[in-house]
Amino acid sequence: MKHHQRGISFIGVLFVGGVLVCGGILAAQVFPTLVEFQAINKAANKARDGNTVAEVRSIFDKAAQIDDIKSITGKDLVVTKEGDKTVVAFAYNKEIHMAGPAYLLLKYNGRSK
């Protein structure tokens, strides 16, 4: 009675390893954009304490300098009033070059709480 070997071939190991490496590289490029998005959310929540639009943008720009935010500035914010609360909203895109003509487009948007 013959027993067939089970498992993955060397070519399979190379293929799975290549997919995992590509996924890891992509994740390593996406992770800093997520950290920056969280910093932008924090800065927007801090900026909502301003009384005027100019003050809100100034507070955001100061927080952006501290947290090294490069994707968005105070002039990109949409500042509105909802009742007696100031709401700071933002939206921006981040492109990550993958290979050749291929890019990964990340669309971030958020608003203060």
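**Group meeting: a predicted single-chain model**

Let me open with one residue: if we leave aside residues up to four places away in sequence, serine 112 touches Ala44, Asn45, Arg48, Thr86, Val87 and Val88. Serine 112 sits in the segment after S3, and with a relative accessible area of 7% serine 112 counts as buried, because the cut-off for that class is under 20%. Please keep in mind throughout that what we are looking at is a predicted model.

From that residue I would like to step back to the chain as a whole. Its secondary structure amounts to 2 helices and 3 strands, and reading from the N terminus the order of these elements is α-α-β-β-β. As for overall dimensions, the radius of gyration of the chain is 22 Å, whereas a compact globule of 113 residues would have one near 13 Å. Along the principal axes, the box filled by the C-alpha atoms is roughly 85 × 30 × 25 Å.

Now to burial and contacts. Of the 113 residues, 27% count as buried, and the surface that the chain exposes comes to about 8,300 Å², with carbon and sulfur atoms supplying 60% of that area. Among the contacts with a separation of 6 or more, 45% are accounted for by residues 24 or more positions apart.

On the charges I will be brief: the chain has 15 positive and 10 negative charges, and the mean positions of these two sets are 9 Å apart.

That brings me to the aromatic residues, where a search of the whole structure finds 4 pairs. One of these is formed by phenylalanine 37 and tyrosine 108, a stacked pair with 5.0 Å from centre to centre and 20° between the planes. The pair links distant parts of the chain, since phenylalanine 37 belongs to helix H1, residues 10-47, and tyrosine 108 to strand S3, residues 102-111, with the two positions 71 residues apart.

Are the two partners buried or exposed? Phenylalanine 37 has a relative accessible area of 18% and tyrosine 108 has one of 10%, so both fall under the 20% cut-off and count as buried. Which residues make up the aromatic cluster that holds this pair? Phe37, Phe90, Tyr92 and Tyr108 form one such cluster.

To return to where I began, serine 112 in the segment after S3 has contacts that include Ala44 and Val88, while in strand S3 itself tyrosine 108 is the partner of phenylalanine 37 from helix H1.

Technical notes:
Residues are numbered from 1 along each chain as its sequence is written. This is a predicted model: local features need pLDDT of at least 70, side-chain atom pairs count only at pLDDT 80 or more; totals for chains, interfaces and linings use all residues. Side-chain values use heavy atoms; hydrogens and water are left out. Helices (H or I, at least four residues) and strands (E, at least two) are DSSP runs, numbered from the N terminus. The radius of gyration is taken over C-alpha atoms; the globule rule is 2.2 Å times the number of residues to the power 0.38. Buried means under 20% relative accessible area, exposed over 50%, partly exposed in between (1.4 Å probe, protein chains only). Contact means heavy atoms within 4.5 Å. Accessible areas come from the Shrake-Rupley method with a 1.4 Å probe; for residues, only the protein chains shown count as cover. Lys and Arg count as positive and Asp and Glu as negative; His and the chain ends are not counted. The place of a charge is taken as NZ of Lys, CZ of Arg, CG of Asp or CD of Glu. Rings of Phe, Tyr and Trp (its six-membered ring) pair if their centres lie within 6.5 Å; planes under 30 degrees apart count as stacked, over 60 as edge-to-face and the rest as tilted.
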